[in-house]
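Biologist: I would like to learn how to read a structural model one feature at a time, beginning with the whole chain and ending with single residues. Could you take me through it?

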Amino acid sequence: MANHKSSLKRIRQTKKRAEHNHYYAKTMRNAVRKLRAMTDKDEAAKLYPSVQKMLDKLAKTNIIHKNKAANLKSSLCKHISKLG
């Protein structure tokens, strides 16, 4: 266990940030999963901008890596274009 007040505070801050990041990462994963499960091209195209915005925000705040966001956006775009 930490002995210094600053160490205790740092532990609290880290825990709080980790919970915050896990929540948004999980929300993003669910949105991506929902988009991939869609079979209607119009609905998927309507949902894509909000998912794209979410990915960009998470990459900007370093919750996910910028390349991961780019790869996800690219693969989702491919998925939407393949829909009939």
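Modeller: We shall go from the overall fold to a few chosen residues, and please keep in mind throughout that this is a predicted model.

Biologist: Let us begin with the fold, then: how many helices and strands does the chain have?

Modeller: A good way to start is to list the elements in order along the sequence. Here the chain has three helices and zero strands, and reading along the sequence gives the pattern α-α-α. The radius of gyration is 17 Å, well over the 12 Å that the globule rule gives for 84 residues, so the chain is more spread out than a compact globule. The box filled by the C-alpha atoms, taken along the principal axes, is roughly 60 × 20 × 15 Å.

Biologist: What share of the residues counts as buried, and what can be said about the surface?

Modeller: For burial, one asks how much of each residue remains accessible, and a residue counts as buried when its relative accessible area is under 20%. Of the 84 residues in this chain, 24% count as buried. The accessible surface comes to about 6,600 Å², and 54% of that surface belongs to carbon and sulfur atoms. As for charge, the chain carries 22 positive and 5 negative side chains, and the centres of these two sets lie 15 Å apart.

Biologist: And how do I read the contacts between parts of the chain that are separated in sequence?

Modeller: One takes the contacts between residues at least 6 apart in sequence, and asks what share of them spans a longer stretch; in this chain, 58% of them join residues at least 24 apart.

Biologist: Now for single residues: is L55 buried or exposed, and which residues does L55 touch?

Modeller: It helps to place a residue in its element before looking at its surroundings. L55 lies in helix α2, which covers residues 41-60, and L55 counts as buried because its relative accessibility is 0%. Not counting residues up to four places away in sequence, L55 touches M28, I64, A69, L72, K73 and L76. For A69 there is also a distance to quote, as the C-alpha atoms of L55 and A69 are separated by 5.5 Å, although the two residues are 14 apart along the chain.

Biologist: L72 was in that list, so where does L72 lie, and what does L72 touch?

Modeller: L72 lies in helix α3, and with a relative accessible area of 13% it is buried. Leaving out residues up to four places away in sequence, the residues that L72 touches are M28, V32, R36 and L55. M28 therefore appears in the contact lists of both L55 and L72. A distance can also be read for a pair that is not in the list, since the C-alpha atoms of L72 and D42, 30 residues apart along the chain, are separated by 19 Å.

Biologist: Which side chain shares a polar contact with K73?

Modeller: For such a contact, one looks at the polar atoms of two side chains and the distance between them. K73 has its place in helix α3, residues 66-82, and a polar contact of 2.7 Å joins its side chain to that of D56. Aside from neighbours within four places in sequence, K73 is in contact with Y48, Q52, L55 and D56.

Biologist: Can a side chain also pair with the backbone, and what does S50 show?

Modeller: S50, in helix α2, has a polar side-chain atom that lies 2.7 Å from the backbone oxygen of L47. S50 is partly exposed, with a relative accessible area of 39%.

Biologist: Finally, what is the sign of phi in N62?

Modeller: The general idea is that most residues other than glycine have a negative phi. In N62, phi is near 60°, a positive value in a residue other than glycine. N62 is found in the loop between α2 and α3, and with a relative accessible area of 66% it is exposed.

How values were computed: Residues are numbered from 1 along each chain as its sequence is written. This is a predicted model: local features need pLDDT of at least 70, side-chain atom pairs count only at pLDDT 80 or more; totals for chains, interfaces and linings use all residues. Side-chain values use heavy atoms; hydrogens and water are left out. Helices (H or I, at least four residues) and strands (E, at least two) are DSSP runs, numbered from the N terminus. The radius of gyration is taken over C-alpha atoms; the globule rule is 2.2 Å times the number of residues to the power 0.38. Buried means under 20% relative accessible area, exposed over 50%, partly exposed in between (1.4 Å probe, protein chains only). Contact means heavy atoms within 4.5 Å. Accessible areas come from the Shrake-Rupley method with a 1.4 Å probe; for residues, only the protein chains shown count as cover. Lys and Arg count as positive and Asp and Glu as negative; His and the chain ends are not counted. The place of a charge is taken as NZ of Lys, CZ of Arg, CG of Asp or CD of Glu. A polar contact is a pair of N or O atoms within 3.5 Å; within protein, one must be able to donate a hydrogen and the other to accept it, and residues adjacent in sequence count only if both atoms are side-chain atoms.
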